[in-house]
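Trainee: Before we accept the labels given to parts of this model, could we go through the reasoning behind a few of them?

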There are 2 protein chains.
Amino acid sequence: MRYALVVAYDGTNYCGWQVQPNGVTIQSNMLEAAYAAFKTDNVTICASGRTDSGVHAKGQVCHMDVETTIPPERIADAMNVYLPQDISVLSSHLAKDGFDANRSAKKKTYIYNMYFAPRRNPLKDRYSVFVKGTPNVQKMREAAELFEGEHDFKAYCASGSQVVTTVRIIYKLQVDEVIEGDICNISISVCGNGFLYNMVRTIAGTLLYYAMGRMSLDDIKKSLSTGDRNCVGKTMPPNGLILDSVLYD
Amino acid sequence: MRYALVVAYDGTNYCGWQVQPNGVTIQSNMLEAAYAAFKTDNVTICASGRTDSGVHAKGQVCHMDVETTIPPERIADAMNVYLPQDISVLSSHLAKDGFDANRSAKKKTYIYNMYFAPRRNPLKDRYSVFVKGTPNVQKMREAAELFEGEHDFKAYCASGSQVVTTVRIIYKLQVDEVIEGDICNISISVCGNGFLYNMVRTIAGTLLYYAMGRMSLDDIKKSLSTGDRNCVGKTMPPNGLILDSVLYD
């Protein structure tokens, strides 16, 4: 049978989602937990997409193929018994016919968090990236508008990735601000039909660079029209990135 | 010279504030950073109060005695160079005459965080404690009122602590709720003139037990009038507790 799982994880101590020869991953932990819970090695687990080393997830979606007599809704608890504290199956149910966590995904939302402050704050660092100073939120929002719609995001794709096309649609790119004393928390929420390797982290860095006056709106327009990687900001660190949710039909 | 420092830390990996023979503490790290920054061992650092193993601080206040030519406002940066990622001096300045971080403190605010959800969430666990189900916020607020004012908190003080008096004043005990999908975040904010060992964590457990129907308002009243430890809820885990701020004249 095929089941759909919603999974949350703190990615700090993992080499990303995908099983790999060296290094502990979310997927390898999920498989180990499934082997233990269902008492069989005959299990496959596939996510909506990989997340990179150090990236977190609030609502990753997976499908899992396994034969078990455990009721679908209880599978979450059965697996959580064997999962480490930083990974949790939030819910489980029987998948609809033809459901594939990766191929059936229609929209994904990622959130990138930064905090602007006079000095680094240890209570923020785990899920947000420190930037010294105060942000120009208005400028960030100005730049954000340019990304909405269908574009060739070649300039925002880390080299070495193999994809058929670098064209993606961003439905919404929203910049939210929450003030907390002398800290200004910025959340960049990006909803799209799919994302290239490092795309959200590079968009976040580009909004930041524009807001800091280190690049112009013309640079951003050029990056989208020509794919020139010299016209984008830096790729931000992974710990600020959270896969928020995946939408299906 | 005496300096006043505001310090934030993630207490997860520390045996609390105070230097002790076995185990790494915040104070021992602060001292090591000061030795390195000021190139002398002739330094003392004293906090507004100890925090226990695993407890966090957003605004711990310390005084530090040291001779240095570093300008007061730059001391924070000078020490941060030598501090680990999970401790940060947020600000530094010259202390007023007679300032003592512990004795001059007038009010302290602690925050205790819990989250109510169907299942554990790894992105919450570091600074908040999981409770299965949904909270009765109204009942928590009902119980909270009983604690405000001057009371003998003997029943809320862990055994083994040596204090002159167990009488303390709570100026305000506030229960705030923030809903996030199927998660309900509860913050219990307690402002008082001082706190006994485990007092906030036991008050938080008592509000929770009353809200869950495991004890009555009469139990709470009795705990405050008689000091009977059988009339209080459980002492909640340390990771939900944050020393928010310390107020001076």
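Mentor: Let us start with a cut-off, since exposed means over 50% relative accessible area and buried means under 20%. Keep in mind throughout that this is a predicted model.

Trainee: What makes Lys39(B) exposed?

Mentor: Lys39(B) has a relative accessible area of 69%, and because exposed begins over 50%, Lys39(B) is called exposed. Lys39(B) lies in the loop between α1 (26-38) and β2 (44-47) of chain B, and has a positive phi of about 55° although it is not a glycine.

Trainee: Why is a positive phi worth pointing out in such a residue?

Mentor: Because most residues other than glycine have a negative phi. Asn198(B) is another non-glycine residue with a positive phi, near 70°, and is placed in the loop between β9 (183-192) and α4 (199-211) of chain B.

Trainee: Why does Asn198(B) count as buried or exposed?

Mentor: The relative accessibility of Asn198(B) is 16%, and since buried means under 20%, Asn198(B) counts as buried.

Trainee: How do you know whether α3(A) is roughly parallel or roughly antiparallel to α5(A)?

Mentor: The axes of α3 (residues 137-147) and α5 (residues 217-226) of chain A come within 10 Å and cross at roughly 20°; because angles under 35 degrees count as roughly parallel, α3(A) is roughly parallel to α5(A). The residues making the contact include Leu146(A) and Phe147(A) of α3(A), and Ile220(A) and Leu224(A) of α5(A). By class, this contact has 6 nonpolar, no polar and 2 charged residues, and the crossing is right-handed.

Notes. Residues are numbered from 1 along each chain as its sequence is written. Chains are lettered from A and ligands numbered from 1 in the order in which they are written. This is a predicted model: local features need pLDDT of at least 70, side-chain atom pairs count only at pLDDT 80 or more; totals for chains, interfaces and linings use all residues. Side-chain values use heavy atoms; hydrogens and water are left out. Helices (H or I, at least four residues) and strands (E, at least two) are DSSP runs, numbered from the N terminus. Buried means under 20% relative accessible area, exposed over 50%, partly exposed in between (1.4 Å probe, protein chains only). Axes are lines fitted to C-alpha atoms, for helices over the stretch in contact, and angles run from 0 to 180 degrees between N-to-C directions. Angles under 35 degrees count as roughly parallel, over 145 as roughly antiparallel, 65 to 115 as roughly perpendicular and the rest as oblique. A crossing is left-handed if the near helix is turned anticlockwise from the far one by less than a right angle, and right-handed if clockwise. Contact means heavy atoms within 4.5 Å. Ala, Val, Leu, Ile, Met, Phe, Trp, Tyr, Cys and Pro count as nonpolar, Asp, Glu, Lys and Arg as charged, and the others, Gly among them, as polar.
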